[in-house]
Amino acid sequence: MREITYRQALNEALAEELERDPNVFLMGEEVAEYQGAYKVSHGLLQRFGPRRIVDTPISENGFAGLGVGAAMVGLRPIIEFMTFSFSLVAFDQVVNNAPNMFTMSGGQFNIPITFRGPNGPAHQLGATHSHATEPLYANAPGLKICTPATPRDAKGLLKTAVRDNNPVLVLEAELLYSSKGMVEPPDEELLIPLGKAEVKREGNDVSVICYAQTVPLALKVAAQLEEEDISAEIVDLRSIKPLDEKAIFDSVAKTHRVVIVEQDRPFCGVGAEVCYRIQKNIFDELDAPIIRVSQEDVPMPYNERLEKAVLPNADKVIAAVKRVCYA
Amino acid sequence: MQPLEQRDEVEMLSLMLLIRRFEERASQQYQAQKIGGFCHLYIGQEAVVTGAVAAVRDDDYIITAYRDHAHALARGTSANACMAELFGKETGCSRGLGGSMHFFDRQHHMYGGHAIVGAHVPLAVGMAFAIKYRGEDRVTLCFFGDGAINQGSFHEALNLAALYKLPIVFICENNLFAMGTSVKRSTSLKQIVDRAEGYDIPGEIVDGMNFREVRDKIAEIVDSIRKESHPAFLEVRTYRYRGHSMSDPASYRTKQELEKYRLDDPITRLRAQLTREGRLTNEQFDLLDKRAKETVLAAVKFAEKSPEPPLDKLYDYTYANGAAEAGVPDTSKREESAPKESGATAG
């Protein structure tokens with residue numbers, strides 16, 4: 001194991017998959033000559049050439065659709081959105097074409113495509129650039145969605161996504177690109193299955209269910225809570241779809257109390273689905289109502305103080321944990 | 001099918017008759033409520049797709065919008081599979097899961113059947129991208145209506161195709177109306193072909209009621225593309241005799257206009273050409289027509305007798321082999337073939 005950044009981990013995953021499979025290509029805005037808007041594709045043009053690392057004009061609908069068409073005839077495109085906020089321009093391709101094709105064609109055309117890029121609120125980018133798109137896409141059957149929170153998960157999940165025979169969204173965490181973590185050496189194949197959550201920290205008193213940018217937040221809070229003798233178990237979903245029900249239920253059966261910390265907005269958000277499944281399946285395990293900590297239900301304000309008020313933070317999570325623990 | 005040089009015009013006339021009779025029978029079955037949803041008929045436009053398939057190889061890619069029955073039939077999908085799809089049966093070309101607007105046939109390189117106007121044009125560009133990526137000499141034929149040319153996806157796709165010099169023919173089947181809105185009311189151009197100029201793509205106009213003209217023009221374009229990859233645009237002027245869909249009485253146009261085009265009927269025209277040249281007798285034509293009618297009638301019977309898609313397979317076509325859940329397969333050697341289905345579900 002060695003320590004690398006989340007950005008390097010993604011870069012390694014791309015390079016390894018491009019190396020392994022000649023059908024894989026990377027396409028998007030500024031991925032080639034500019035070396036990636038967030039430098040995730042740094043050096044790939046030099047290594048793999050312009051045939052496989054392809055710059056596009058600013059035409060999200062166009063190049064997302066191009067990817068779907070290329071996948072229909074057997075290529076395995078990796079389509080980078082400069083941010084998933086811009087994927088909304090390509091919503092029709094991601095929601096209507098990519099995941100529907102397999103069904104509509106009676107199983108003749110599966111779409112092995114990876115859509116990836118930063119997702120979720122960053123820092124003072126305002127309403128148009130701060131979308132957490134996971135609940136929008138989770139509503140579309142046929143898509144798979146993962147949300148890596150660590151460099152190791154970023155590498156392992158992206159590699160798996162590229163090899164999956166379905167459209168997979170890899171929702172990267174913009175604020176975590178420079179974060180560091182331990183990852184297996186490059187000569188060791190690292191694949192992390194979609195649909196498998198990971199307990200990032202064990203605990204007994206409360207299950208804090210989180211993903212993406214809320215994972216480091218939850219871990220920070222867990223350390224603080226420990227000083228107050230509250231033992232929090234941190235369950236990182238890693239994939240939104242498929243959802244790892246077993247990991248969630250196992251943790252809840254152990255702690256009997258749940259706080260869901262999500263980076264999206266509350267109405268029909270990811271936490272609402274998790275909540276529903278817990279109460280439907282293991283109602284008797286609950287000792288307190290589930291609390292969700294999400295964004296406030298407003299378009300993201302630019303102002304820094306207001307933005308902080310909208311986002312989940314340590315105080316909100318601690319308060320939620322104390323409420324479910326009646327502490 | 002035969003190589004295209006020898007592909008007999010009588011055979012292509014026979015294909016046009018099959019399309020016409022198929023659509024007429026589909027109309028009747030729709031009214032009898034055997035067919036659900038939306039149903040858009042191709043009657044009047046037969047020379048367009050027939051001329052196109054006569055000009056290309058069987059392994060060239062074809063993709064179209066929702067008025068797609070004829071494109072599947074022209075590509076070689078059986079009338080049985082097409083009618084069964086309309087009936088929503090398991091024996092349909094999309095196993096009854098696609099319906100009228102979503103015909104697919106991988107074996108015959110028919111890539112749909114796409115019902116969001118303009119949304120398949122980027123897909124076609126992606127297919128052409130794959131051709132160039134692999135260094136093949138195939139060509140993609142992308143059909144769409146005059147309604148598609150005002151969608152953003154269309155413009156983005158044309159720009160990408162021109163930028164990457166992809167082997168694709170954009171074929172605009174201009175039947176003068178996007179649903180009930182005439183081209184005059186939808187498009188700020190004197191002629192649709194001028195759209196291509198904005199992307200530095202060579203464009204031409206062809207008479208879509210004339211099989212030979214369509215075939216020869218597309219053959220010429222495709223020949224040029226195979227020599228050196230580039231996109232091309234063809235505005236094919238045609239006319240649909242029926243409304244936009246089964247529920248449209250087409251009251252936005254005059255009877256006189258419809259009659260004018262009926263007199264220019266593509267089937268009548270090719271028949272007259274062949275008769276004049278002594279290559280077809282009236283008796284032979286009647287026989288071809290009789291065969292087409294019989295084929296379509298048999299297709300209705302086939303569709304009626306076919307089973308519905310089983311309820312217990314409802315989840316089988318949402319995800320292709322649920323490999324990612326079970327472990328990760330090596331897909332690098334994946335052939336271009338349909339994946340094995342399995343019952344994997346997500347979420």
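In the predicted model, strand 2 of chain A, residues 24-28, is mostly covered. Of its 5 residues, 5 are buried. In a regular strand the side chains alternate between the two faces of the sheet. Both faces of strand 2 of chain A are covered. On one side lie A:Val24, A:Leu26 and A:Gly28, and these are buried. On the other side lie A:Phe25 and A:Met27, which are buried as well.

Strand 2 of chain A pairs with two strands of chain A, strand 4 and strand 3. Strand 4 spans residues 76-80 and runs parallel to strand 2, with 5 bridges joining the two. Within this pairing, A:Leu26 stands opposite A:Ile78. Strand 3 covers residues 53-55 and also runs parallel to strand 2. Here the strands are joined by 3 bridges. A:Met27 of strand 2 stands opposite A:Val54 of strand 3.

The contact between the chains draws 48 residues from chain B and 48 residues from chain A. On the side of chain B that touches chain A, four elements give two or more residues. These are strand 2 (110-113), helix 5 (120-134), helix 6 (152-163) and helix 13 (323-326) of chain B. Helix 5 of chain B gives the most, with 9 residues. By class, this side of chain B has 27 nonpolar residues, 14 polar residues and 7 charged residues.

Terms used:
Residues are numbered from 1 along each chain as its sequence is written. Chains are lettered from A and ligands numbered from 1 in the order in which they are written. This is a predicted model: local features need pLDDT of at least 70, side-chain atom pairs count only at pLDDT 80 or more; totals for chains, interfaces and linings use all residues. A residue is buried if 20 or more other C-beta atoms lie within 10 Å of its own, exposed if 12 or fewer, and partly exposed in between; C-beta atoms are placed from the backbone. Two strands pair if DSSP finds at least two bridges between them. Two residues are in contact if their C-beta atoms, placed from the backbone, lie within 7 Å. Ala, Val, Leu, Ile, Met, Phe, Trp, Tyr, Cys and Pro count as nonpolar, Asp, Glu, Lys and Arg as charged, and the others, Gly among them, as polar.
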